[in-house]
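Student: Please take a close look with me at one part of this protein: the places where aromatic rings pair up. I'd also like to hear how that part sits within the rest of the chain.

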Amino acid sequence: MGDFTGMLGWLFLPQFAANLVLKTAHWILLRLSPRLVPHQSTSAYVLHQRISYALVIALYLLYTMWSTEQSLGTNYYHAFGLSPSDFSESRLRRSFRQVSLRLHPDKNPEGHKQFIIMQHAYKVLSNPLSRFAYDRAGHTAVACQSCKTLGDYMLMAIPRRLSVYLAYTMGCVAMQVFRIGKYGAFWQYIAIGAFAALELTMLTSTKEPGIIRVLLALVPHRTGHEMAQILQQGMVCFFIALNQIVPQFVPQEKNVSSLELAKELVTAIKATKAEVENKSRRLADVFKGSGLEKVMADEFKEELQLSMTLASSAKFQAEFTDRLNAGRQASSA
């Protein structure tokens with residue numbers, strides 16, 4: 001449900017928030033320096049719209065990353081007041097004794113369920129194999145009851161983790177089929193492959209990848225698996241943000257009907273031909289009776305038709321270019 005509402009947020013909230021930011025900014029500028037507030041029909045106003053939209057998208061991207069980190073909740077280390085970076089078995093035992101005194105059913109009947117959860121957490125963290133699996137693959141890996149070795153845990157975790165990236169890939173393909181999210185399409189597949197390789201390295205290596213170690217130094221209370229989840233969500237949100245921001249600054253091609261264009265061109269040619277015939281007749285009247293009327297009319301008609309056709313074609317091209325540019329500006333505004 002959280003992912004669904006997040007996607008709806010990306011669809012509807014940015015535009016609403018961007019309009020609110022723009023109105024607020026202009027309201028403030030009107031009181032401080034009115035000349036800085038452009039008229040709505042100007043290109044400067046369109047630029048203000050684009051900047052406010054890009055700002056909202058960037059802030060919403062940061063908020064989504066923060067909310068993803070918060071939605072992960074408390075991990076087993078949190079429960080004992082520990083973190084993966086400063087873990088020690090002696091501190092774990094000491095913390096578990098304190099928790100047992102507080103939550104044991106004999107002393108706290110209402111804490112029975114919480115006590116069972118803490119027992120399971122202690123069992124996972126006190127065993128080096130299950131702790132390694134928990135750090136690299138999360139709760140689903142340590143839920144395996146038949147796993148006895150590290151290889152068992154990893155063989156169970158790897159297909160599940162890689163299936164996530166398969167789902168991402170299928171989603172990208174579907175977006176390309178329906179022509180959604182065209183910007184950065186190639187780099188989406190590169191990113192999916194890179195993240196899949198990163199997580200596969202995490203699951204099969206005794207040392208965590210360098211980027212994960214750097215992030216764990218910044219967020220020491222999270223496990224490597226949790227950091228990978230945050231990065232995955234960041235990847236998805238980044239490409240959504242990219243496809244929200246880029247159309248604001250890159251003119252969009254407008255589909256122009258070839259049939260409509262051909263009709264307009266034929267109409268222009270007919271009008272040009274009729275005008276040439278009319279002027280040729282008037283020139284023939286000037287030379288009437290001199291014997292040169294036909295020769296002059298024919299030569300004039302040929303030269304005039306050529307020059308007017310070129311002029312009409314240039315004028316039509318200029319008008320069509322202006323109309324196309326206006327359509328691009330309207331679609332990107």
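Tutor: Let's start with a word we'll need: two residues are in contact when they have heavy atoms within 4.5 Å of each other. Now take the contacts in the protein chain with a separation of 6 or more: 63% of them are between residues 24 or more positions apart. Keep in mind that you're looking at a predicted model. Its protein chain has 13 helices and zero strands, and 34% of its 333 residues are buried.

On to the rings. A pair of aromatic rings is described by how far apart the centres are and by the angle between the planes. Searching the whole structure turns up ten aromatic pairs. Take Y76 and Y134: their ring centres are 4.6 Å apart and their planes meet at 10°, so this pair is stacked. The cut-off behind that word is an angle under 30 degrees. Y76 belongs to helix α3 (residues 76-79) and Y134 to helix α6 (residues 128-137), so the pair ties together parts of the chain that are 58 residues apart in sequence. How hidden are these two residues? Buried means under 20% relative accessible area. Y76 has 11% relative accessibility, so it counts as buried. Y134, with 2%, counts as buried too.

Next comes F96 with Y122. Here the ring centres are 4.2 Å apart and the planes are at 15°, so this pair is stacked as well. It links distant parts of the chain, since F96 is in helix α4 (residues 89-103) and Y122 in helix α5 (residues 112-126), 26 residues apart. The cut-off now splits the partners: F96 has 15% relative accessibility and therefore counts as buried, whereas Y122, at 21%, counts as partly exposed.

While we're in that area, helix α4 also holds S90. S90 is partly exposed, with a relative accessible area of 37%. Its C-alpha atom is 9.8 Å from that of S126, and those two residues are 36 positions apart along the chain.

Back to the rings for a moment: Y76 and Y134 belong to a bigger group, because ring pairs link Y76, Y77, F87 and Y134 into a cluster.

Now for the wider setting. Helix α8 (residues 150-177) and helix α9 (residues 185-204) have axes that come within 10 Å and cross at roughly 175°. That makes α8 and α9 roughly antiparallel to each other. On the α8 side, the residues that meet α9 include M154, I158, L162 and Y165, and on the α9 side they include Y189, I192, F195 and L200. The residues of this contact divide into 14 nonpolar, four polar and two charged.

One more layer comes from a record. An unreviewed UniProt entry marks residues 7-30, 50-66, 162-180 and 186-203 as "transmembrane region". In the model, residues 186-203 are 100% helix and 0% strand, with end C-alpha atoms 26 Å apart. Residues 50-66 are also 100% helix and 0% strand, and their end C-alpha atoms lie 24 Å apart.

Note on methods
Residues numbered from 1 in each chain as written. Predicted model: local features only at pLDDT ≥ 70, side-chain atom pairs only at ≥ 80, totals over all residues. Heavy atoms only, no water. Axes fitted to C-alpha atoms, helices over the stretch in contact; angles between N-to-C directions. Helix = DSSP H or I, 4+ residues; strand = E, 2+ residues; numbered from the N terminus. Parallel < 35°, antiparallel > 145°, perpendicular 65-115°, else oblique. Nonpolar A, V, L, I, M, F, W, Y, C, P; charged D, E, K, R; others polar. Phe/Tyr/Trp six-rings, centres within 6.5 Å; stacked < 30°, edge-to-face > 60°. Buried < 20%, exposed > 50% of the residue type's maximum accessible area, 1.4 Å probe, protein only. UniProt positions renumbered as here; feature names shortened; annotations may be inferred.
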